[in-house]
Amino acid sequence: MTRECAVLLPGVCAALADPRQPGLDDTCLEKLLDWFRSLTWFDPTAELVQDNPCLTELITSVLALQDPSPSILSFTLQLAGILASSESRFQHLQQEKLLGRLFGREGPRGGAAWEDASVRSAWVKGVHSMVHHQPALLFLCSTGGMDVIFTLQGDPSLFVASAASQLLVHMLTFSLESETSKAVSTKDCDWPACAQMIVKHIQESLQSSSASDIEQSLKLLSSLFGSCFGSCYAAWTEILWLDIAKQIESFLLEETVQAQPLLANLLLNVARSPVFCGTEGSFWALVTSALEHLTPVQAGPLAVGLLKLCKCPQDVRIQALTVLLQPMDCILRAASQPLECAGLLDESVSDPGTVESLLSSKTTCAALLCQTLAHLEKLLSLKHLRVDLPCVSLLRSLMTILQFCNGFLSPASPLGSTISRNLINCCRVQKSALDVLAALSEEKDCDTLIGSLFDILLAYLQSPNTSPTVLKKTFQATSKWLVHLQKLSCSNSQWQQTEKILEDVFVVLQKRLCSPCWEVRDSSLEFLTAMVKCLRGQKEFRQCLLSSEVLRLTENLLEDPESYVRASAVTAVGHLALITCFAPESPVTGNQYNKESIVAKLQEILSTDSEGFPRRAVISIFTKWLREGCTGQLEDTEQFVSRVVQTVERDLDWEVRLGGLELVEVFCSQTICQLSQCPYAPVSSAVSSCTPQNELLQVFCRAKLFGFLFGSLCDCDKPVGQRACDVLVGLRGHFYPVSTLENPQEIEDSPAGRGIAWLQRTLRQGSLAQNFPTDGGGGVDFRDPESMMLALGAIDLLELHDELNKSSDHVEESPQSLLQDILATVGTIEDNEVDCY
């Protein structure tokens, strides 16, 4: 603790204990507790409480109050717990007889204050902070604290109940730390005293007739096995599991027990423990039983969790996959003719009638399918899935679901008709199915269905009943499968099928680009951009694109009344230009699509559009063009960058200015590579007069980069200043080795020296100087190569870099400032001493 804080602390403690003072903001109290946590974290000695007796005086004063406010009592409980977190400070507070009055029987847990949830929560937090040594554990066990924590597990406040459960997990784990060196046998073991109390409580609760007691213990067990206990205390984990396994099994078989939904999470957390990595043993038999007896909704999370485990036995893994595929299997069978019965599965894990019943109900059909589809999407995203998915049948099932949802399939079976009625126009299921469909595009062996699949996708794209959100998902799935189709046609020469599908897609796209709904126009433009990114090298795609009206319609949307659509149109036009304007042999001729026309339109948007989104899109596209070398020879690029920089530096949107700095960074990097013989080697000032270096500086000065870069250092938005500093540090690293930087004192008398000194002083003001002139004001010529060489060498850019990267609260939220603010709040210091933030 600093001397200044030590001087202020007694006043703060006195103010906190004074009931006449107004209550402090909870945020201030939390910040104060955070400070004490940081003070005690690295120093276990008792010096903090010995050197600052005001802390114990504060606790004593609060305890002496007749009716302390809940906020101050809560603060005191947490503070005492933090102070008692080391054994030496704990003993000091015990000698003062304070801990028993806070956490013991004579504490607030028996009074009226206990009715306030914040006090109960603070009591739990204080105990949690304190229990990091054996004396604290013994103190709690001997003063009836364990029974209080057991009771708080069922507290009406979810925050208190959760904190109590986490505290029990911590106490059980901590009480075993001293036992880790002992050999533990599953046949003959003695739990440490505190752990024994917790385990006995769990066992008794599991056998209770109270559903809430059972639920609390299952939650506690789930948290326990999910914590470090399950992985670090293997022997004790096995002992605990053997003690409760029979009871857990009975819950699975008693279908009326309300605790069943919690069993899946518990079993999954136990399965993650290294104790149960082997393929033998009763545990996996219990998991298999759970997959059979839990409802499909309850078993789904368990099944997908098991499939992610590395060491799950293969037979259990197959059973878990079967559980997930059962609803999809039911869909296929329901859609088939009675004699076909073509499903995904040869046999089911549980009664197929259960799944059929859920899918037949309007209230449960969509929920079950959405959960199943979400799990399947998660599995498809895994790089190494240790079980084979039947992708073709799964794709067929997804197509069936999508046809049920839009009413394009009339199933023959009664079950199919019921499911179809339940799913008609169900957006939730449509979106989930399309997500899985998009993920399946990465899989092989689905080629035989690709024609039928695009028929369904095109039907969704064409249908007026497709909602905008479902249409967006359909576009995303279509673009993924178009990429798959491209790979397929390249290998199998299926050009005609590809061309026909692309023609149909562009016909639909033309219609959607003219939609009265702005979300549809926006999604259509995003889809077009995605296609160009993936397929611009494909001949069939370019032909279909250029023979359609898409180019004209997209360009028209640059003037759309909705700013989101204009931004998406800018992005689409920018990517289309890579085909129409910047290709080596551009296939498009005529004024409508020439490079100058497109560039002029985008520059006009950058300088005149009233919304930020389109302007951000323009600067992003310009940067992309620059990266891909689309802006011509160096002279053309220089003029292009110069015009953009002069527009961007006046923009009021900080993200546009940030994008301008990225453009400048790309330009500098490319120019250095073009003009320098060895682009990655720093050049000393001794050879700075050589042609490549002079030419580089001249290019950068003509492009007016330095005024923009140095001006951005004083930008009121910190990310802009940070990026500008990064660019300047990179340039300085190219022109100067670190060891040969200029000495500002030595150049003070040079013609540009006084201007450089002014610039250094101005930059130190930071954002206060954000309006400083970039046109020679202050005697600095930002277009003069010699001056800019001196500026790069003399100004301490690394110091500026450190300043810009400091958190904005490094001064305002210091402990000293916090203490001053608290004292100011209670009116004990003058206003002009306050450092408000």
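Trainee: Happy to start with a ring pair: are Phe 710 and Phe 782 buried or exposed?
Mentor: This is a predicted model, where local features need pLDDT of at least 70, side-chain atom pairs count only at pLDDT 80 or more, and totals for chains, interfaces and linings use all residues. Residues are numbered from 1 along each chain as its sequence is written, and side-chain values use heavy atoms, leaving out hydrogens and water. Buried means under 20% relative accessible area, exposed over 50%, and partly exposed in between (1.4 Å probe, protein chains only). By that scale, Phe 710 and Phe 782 are both buried.

Trainee: Nice! Which class of aromatic pair do the rings of Phe 710 and Phe 782 form?
Mentor: Rings of Phe, Tyr and Trp (its six-membered ring) pair if their centres lie within 6.5 Å; planes under 30 degrees apart count as stacked, over 60 as edge-to-face and the rest as tilted. Here the centres are 6.0 Å apart and the planes are at 40 degrees, so the pair of Phe 710 and Phe 782 is tilted.

Trainee: How many residues apart in sequence are the parts that this pair ties together?
Mentor: Helices (H or I, at least four residues) and strands (E, at least two) are DSSP runs, numbered from the N terminus. Phe 710 lies in helix H37, while Phe 782 is in the loop between helix H40 (753-764) and helix H41 (785-794), so the parts are apart in sequence by 72 residues.

Trainee: And how many residues of helix H37 are buried?
Mentor: Helix H37 spans residues 705-712 and is mostly covered. Among its buried residues are Phe 706, Phe 708 and Phe 710. The count is eight of eight.
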